[in-house]
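Thank you for making the time this morning. I would like to walk through one model with you, going from the overall dimensions of its chains down to a few individual residues.

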Amino acid sequence: MQQLLNGLFIGAIYALFAIGFTLVFGVLDRLNLAHPAVFAVSAFVGIELVEVAGLSIWLTLPIVFVVGGILGMVIERVAFRPLKDRPDAHFAGLISSIALAGMFIALLQWRYGPDTRRFPADSFPSTTFTVFGAQVTVVQVAILVISVVLMVALTVLVARSRLGRGMRAVAENPTAARVLGINVDRVTMTTFAISSALGAVAGALFAMNVNSAQLTMGTAIELKGLAVIIVGGMGSLPGALVGGLLLGLAEVFAVQYIGSSWRDLVAFGLLFLILLVRPQGLFGARKVREV
Amino acid sequence: MRTNLFTLTAAAGALALTLTACGSDDGGGDGGGDGSLAGEGSGDACVIEGEVPVGAAVSLTGAAGSYGESQRNGLELATTHLNEQEGVTYALTVEDDQTDPKQAISLFEGFVGDGTSIIIGPTLSNTAFQAQPIAQEGEVPVLAISNTAEGITEQGDWIFRDSLTEGQVIPQTVAQSVEAFGLENVVVMYSNDDAFTESGYEVMAESLEGEDITVASTLTFSKADTDFRALLTEAKNAEPDAIFVSGLIEAAIPLVTQARELGLDVPIIGGNGFNNPQLMTDAGDAAEGVVVGAAWNSASDNPENAAFLEAYEAEYDKAPDQFAAQAYAAMTIIDHAVREGCDGGREAIKAGLGNITDLPTVLGSISINENRDAEHDAVVQVVEDGSFAVLN
């Protein structure tokens, strides 16, 4: 039971991170590799807010959400928009986003140095619950709740709202969307902002979960995020959710049943197996591209 | 290049000799390069005209950054103290290896090339394994001050250390904790992608076997891991009397915190990586009951140590840790080696380091054995009320 919960908590963070990743991919067909950098930046910003401004950890989350949104707009403005009319815009954007990620991390290093940073020891509520014999902290419950709420809100937003319709129209065909009077640039920018805001919250939650933030934390989760969105089906929001939880659980149960040294091998092996069986991913639809 | 440097140092040496009008008749068998570093007299009466260049490559930034800063403080304090004494002056250069073997290699190359008499460091064992061959090949003595992995000094006859190996500290830690807590059934965890923690684990496993303790399960993690909940849950299911961990401080803090969160309240017994006051500042109450074997007893009342504690706190406004103490002791040892032959040259220091017997230092009475490793008593500490106390 404890292991199941452990897997769910870490899986929820993977899912939240991946869902931001997959949103940009699904709507805009672009891979934003600055996403892991936003994840790291937000963790450091969160710690700074608690440590220097003395805010409670709960109050930092909406602020981190906004910071993430702003970073998302910066990413879109700097790394993607100037290149969008190039015939090779996919690769150009991919590469320029890697460059921007490098700059974010360099700025972090300049500001905070390369050392691991932590929240002050007394910033977490020390209450723990016992659920079916498993120990759970308030922070962990919050992680699960916040992740699920954000993911549900996003799904509703995309399915129901005017902005969501705009996103889906742009995803279908940007030119047609423009003809129909949709402000494609604005929709694009909003998509990036939401995506990065989710990634930022995931980063802050991750830092709270393990109480440490490192410059390399983005790189560590990047591979997992990519694996999750591929397994979930590129661009599929429920796919990213299920994929993230699945990876979290796979890691935990690999430790329990096979051995801790085999964790990554088993977890990624399992994902690979899913791809062999369902190449389009769990929730991906086979796309027929008109040429 | 080599010829140029040689001529230059030889000329400088000749110049120094002319200026002091003093012919050196002892300890000069070093070869021309170190001429000005040969002095007269011996022991306390030794007088060396030139400054003895000491180079240190420690990790001031990166994963081991918190260790390196203490080391720099210890080295600088010791150098100040030594330079207050008559006769021999040391010119200490402290460089940052960024916890990166590549950076350490280039620092070592720099020290070998610029005539440095002895190199101190680097901070981590796996960095040392890659950088030390540079010094061995360049025939510059190295004094390791924090490396505890097996095989450090086996890399060559120019490599010495003043830090006790895991092989020396861990058996004492295991024996004393088994006795103090009456352990029978334990879980062992270690990070299997780091030379230091892996060698620590091997000694741990061996000593546990020697004490006839059942190891219910052995769990591995990566040194970059921060989420240990799955592993700790696994450990908890084994219902151990204690958990033995070989890991660096970066892993130690989240590991200890998460263990307590999961309700694992058994003693956690760590290797040398846990021996850092940061454990108490960052893990808070969770650190209570953590047991660490250490090479330095901060509470020891030998006169060297008492003076060191006072001077360090006055200078840096905080208590020294073991890394600072070992760094400080390194300068004491080097000074003894230099004064013995009254020669600050590379060959002479190497010979002097080989003859250290029962030298009083902040670490206690220290000897360097035939394997060029230090020998002195270890101390087993337990965290009580936010600070280390001697386990008994």
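Let me begin with the yardstick for compactness: the radius of gyration is taken over C-alpha atoms, and the globule rule sets it at 2.2 Å times the number of residues to the power 0.38. Please keep in mind throughout that this is a predicted model.

For chain B, with its 392 residues, that rule leads us to expect a radius of gyration near 21 Å for a compact globule, and the chain comes out at 22 Å, which agrees. The C-alpha trace of chain B extends over about 75 × 40 × 35 Å along its principal axes, and 58% of the residues of chain B count as buried. In terms of secondary structure, chain B has 12 helices and 15 strands. If we take the contacts in chain B with a separation of 6 or more, 69% of them are accounted for by residues 24 or more positions apart.

How is chain B divided into domains? The assignment gives domain 1 as 33-164 + 301-375 and domain 2 as 167-294, and the centres of these two domains of chain B are 30 Å apart. Between them, 12 residues of domain 1 of chain B are in contact with 16 residues of domain 2 of chain B. On the domain 1 side, helix α4 of chain B, residues 125-138, gives the most, with 3 residues, and that side as a whole divides into 5 nonpolar, 5 polar and 2 charged residues.

Turning to chain A, we find 11 helices and 2 strands, which follow one another along the sequence as α-α-α-α-β-β-α-α-α-α-α-α-α. Its radius of gyration is 19 Å, close to the 19 Å that the globule rule gives for 291 residues, so chain A is as compact as a globular protein of that length. The C-alpha trace of chain A spans about 55 × 45 × 35 Å along its principal axes, and buried residues make up 48% of the chain.

Within chain A, I would draw your attention to one helix pair: the axes of α6(A), residues 162-172, and α8(A), residues 184-210, come within 10 Å and cross at roughly 105°. Since angles of 65 to 115 degrees count as roughly perpendicular, that is therefore how α6(A) and α8(A) are described. The residues making this contact include L163(A) and M167(A) from α6(A), and V184(A) and V187(A) from α8(A); the contact divides into 5 nonpolar, 4 polar and no charged residues.

The two chains also meet, with 25 residues of chain B in contact with 26 residues of chain A. On the chain B side, α2 (65-84), β7 (214-221), α7 (229-237) and α8 (249-261) each supply at least two residues, and that side divides into 8 nonpolar, 11 polar and 6 charged residues.

Finally, some backbone details deserve a careful look, because most residues other than glycine have a negative phi, and most peptide bonds are trans. The peptide bond from G121(B) to P122(B) is cis, with omega near -10°, and P122(B) sits in the loop between β3 and α4 of chain B. Q98(B), in the loop between β2 and α3 of chain B, has a phi near 55°. Is Q98(B) buried or exposed? Q98(B) is buried, because 21 other C-beta atoms lie within 10 Å. D358(B) has a positive phi of about 50°, but D358(B) counts as exposed, with 10 C-beta neighbours inside 10 Å.

Terms used: Residues are numbered from 1 along each chain as its sequence is written. Chains are lettered from A and ligands numbered from 1 in the order in which they are written. This is a predicted model: local features need pLDDT of at least 70, side-chain atom pairs count only at pLDDT 80 or more; totals for chains, interfaces and linings use all residues. Domain bounds come from an automatic or database domain assignment. Two residues are in contact if their C-beta atoms, placed from the backbone, lie within 7 Å. Helices (H or I, at least four residues) and strands (E, at least two) are DSSP runs, numbered from the N terminus. Ala, Val, Leu, Ile, Met, Phe, Trp, Tyr, Cys and Pro count as nonpolar, Asp, Glu, Lys and Arg as charged, and the others, Gly among them, as polar. A residue is buried if 20 or more other C-beta atoms lie within 10 Å of its own, exposed if 12 or fewer, and partly exposed in between; C-beta atoms are placed from the backbone. Axes are lines fitted to C-alpha atoms, for helices over the stretch in contact, and angles run from 0 to 180 degrees between N-to-C directions. Angles under 35 degrees count as roughly parallel, over 145 as roughly antiparallel, 65 to 115 as roughly perpendicular and the rest as oblique.
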